[in-house]
Amino acid sequence: MKQALMNDVMEKFNQLFAGEPGSHGFAPGRVNLIGEHTDYNGGHVLPCAITNGTYGAARLNGMQEVRCYSENFVDAGVITFSLDQLTYDKADGWTNYVKGMVKSIQEAGYPLSEGFDLAIEGNIPNGAGLSSSASLELLVGVLVRDLFNLEIDQLTLIKLGQRTENQFIGVNSGIMDQFAVGMGESDQAIFLDTNTLEYTLVPADFKDNVLLIMNTNKRRELSDSKYNERRSQCEEALRRLQEHHDVETLGSLTPDTFDQIASEIGDEILMKRARHAVYENERTLQAKDVLTKNDLKAFGELMNESHRSLRDDYDVTGVELDTLVEAAWRENAVIGARMTGAGMGGCAIALVNRDAVEDVKAHIQSYYQERIGYPASFYVAEIGDGAKTF
């Protein structure tokens, strides 16, 4: 399937832009195994890149404009923007991510002497919470680096992807998505300290089990979600704690220390938001250890605890995600399940015995459709490499 998608992109590029591309590449989506809403709170995360992602082909065009086409948005046709008009325009749809990445690269000191043509196709469900935006940002980054022979390392591209998301698109996301998309390695999870960007690769050996992605099919527009509100609530909780204590981030607190000082936040809702950030960080630290020891039962329990915290303390799950996860919990072949991504729609993940996947999918589908009224979608995920050209 991967090669077929790349071939489709190459063929479409040739049709649209009359010639072979000068560069082609791939950037994955990501799932976060555990560590949700901790990255902007100075905590740890444990994501992995997946083999679903975005394929792209590009070529310099000798003009001062960028021409973009996506097989995922065929009706939009070719969208063109000028290198001297790099401003957000809602009418430009998905190409705002391309535009923002080009602007970020140039503002970082890498001026582009000419424009380029770009064709892409992805097999990440749009708005599902698997980081289709970060995938596109890093794909543009590696293609532009290759086309212009720029001396930009992968970490710089990751930071420019986050900058695009924050400053150009207007979503106050942390760096986890871009980091996982940029640094992913096959069969490895990434234990990342979002304060320092120090990371360790953790073997993601699921033995006789697979990672099942369960898509609610409820669109989750990140910039329109509760994401920015939750981030502001955590910042306010931290500010209140800092009035009395030397606390750098919520992620720097242990659960015991937090429990001792939490009442000083003085607001029940803010306390719940902060409690999730602190306890989820601790769960992520534990997850690294149990995965290293191949203790999948303990990892599954941490996944379940994570979802309950996201549901009860952070309030970002919603009925669709809760229904999927509750259905998964009913299955003996499921080791653990939780929502992944920002929440309020999007996807959940479950660690499922390989031989029981089809039965588990059927049971979850029946439970979900009966209660929600429309079907979910399912994908068996493999853990793959990060963004690259080839």
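In strand β8 of this predicted model, I213 stands opposite I349 of strand β10. On the other flank, the bridge partner of I213 in strand β11 is Y379. These two pairs offer a handy way into the sheet around β8. The strand itself spans residues 209-215, and β8 pairs with β10 (residues 347-353) in the antiparallel sense over seven bridges. With β11 (residues 377-381), β8 again pairs in the antiparallel sense, here over five bridges.

I349 leads onward to another strand, for R338 also stands opposite I349 in β10. The pairing of β9 with β10 is antiparallel and runs over six bridges. Put together, the strands form an open sheet of four, in the order β9-β10-β8-β11, with antiparallel pairing. The edges are taken by β9 (334-340) and β11; each has a single partner strand, so one side of each is left without a neighbour in the sheet. From one strand to the next, the twist averages 25 degrees.

How well is β8 enclosed by the rest of the structure? Seven of its seven residues are buried, so β8 is largely enclosed. A general point helps here: side chains in a regular strand alternate between the two faces of the sheet. In β8, both faces are covered. One side carries N209, L211, I213 and N215, the other V210, L212 and M214, and all of these residues are buried.

The helices come next, beginning with the one that meets this sheet. Helix α9 packs on the sheet and touches β8, β9 and β10, while its direction makes about 35 degrees with that of β9. Helix α9 covers residues 296-312 and also has helical neighbours, among them α8 (residues 268-292). The axes of α8 and α9 come within 10 Å and cross at roughly 170 degrees. The two helices are therefore roughly antiparallel to each other. On the α8 side, the contact is made by K272, H276, E280, R283, Q286, A287, V290 and L291. These meet L296, A298, F299, L302, E305, S306, S309, L310 and D312 of α9. By character, the residues of this contact divide into eight nonpolar, four polar and five charged.

Helix α9 packs with α10 (residues 318-329) as well, at an angle of about 155 degrees and with the axes 12 Å apart. That angle makes α9 roughly antiparallel to α10, and α9 passes α10 in a left-handed crossing. Here N304, H307, R308 and R311 of α9 meet L321, D322, V325, E326 and W329 of α10. The residues of this contact comprise three nonpolar, two polar and four charged.

Two loop residues round off the picture through their backbone geometry. The loop between α8 and α9 holds N294, whose phi is near 60 degrees, a positive value in a residue other than glycine. With a relative accessibility of 28%, N294 counts as partly exposed. Elsewhere, D187 has its place in the loop between α5 (176-183) and β6 (188-193). Phi of D187 is likewise positive, near 60 degrees, and this residue too is not a glycine. At 48% relative accessibility, D187 counts as partly exposed, since the category reaches up to 50%.

Notes: Residues numbered from 1 in each chain as written. Predicted model: local features only at pLDDT ≥ 70, side-chain atom pairs only at ≥ 80, totals over all residues. Heavy atoms only, no water. Axes fitted to C-alpha atoms, helices over the stretch in contact; angles between N-to-C directions. Parallel < 35°, antiparallel > 145°, perpendicular 65-115°, else oblique. Left-handed = near helix turned anticlockwise from the far one by under 90°. Contact = heavy atoms within 4.5 Å. Nonpolar A, V, L, I, M, F, W, Y, C, P; charged D, E, K, R; others polar. Buried < 20%, exposed > 50% of the residue type's maximum accessible area, 1.4 Å probe, protein only. Pairing = 2+ DSSP bridges.
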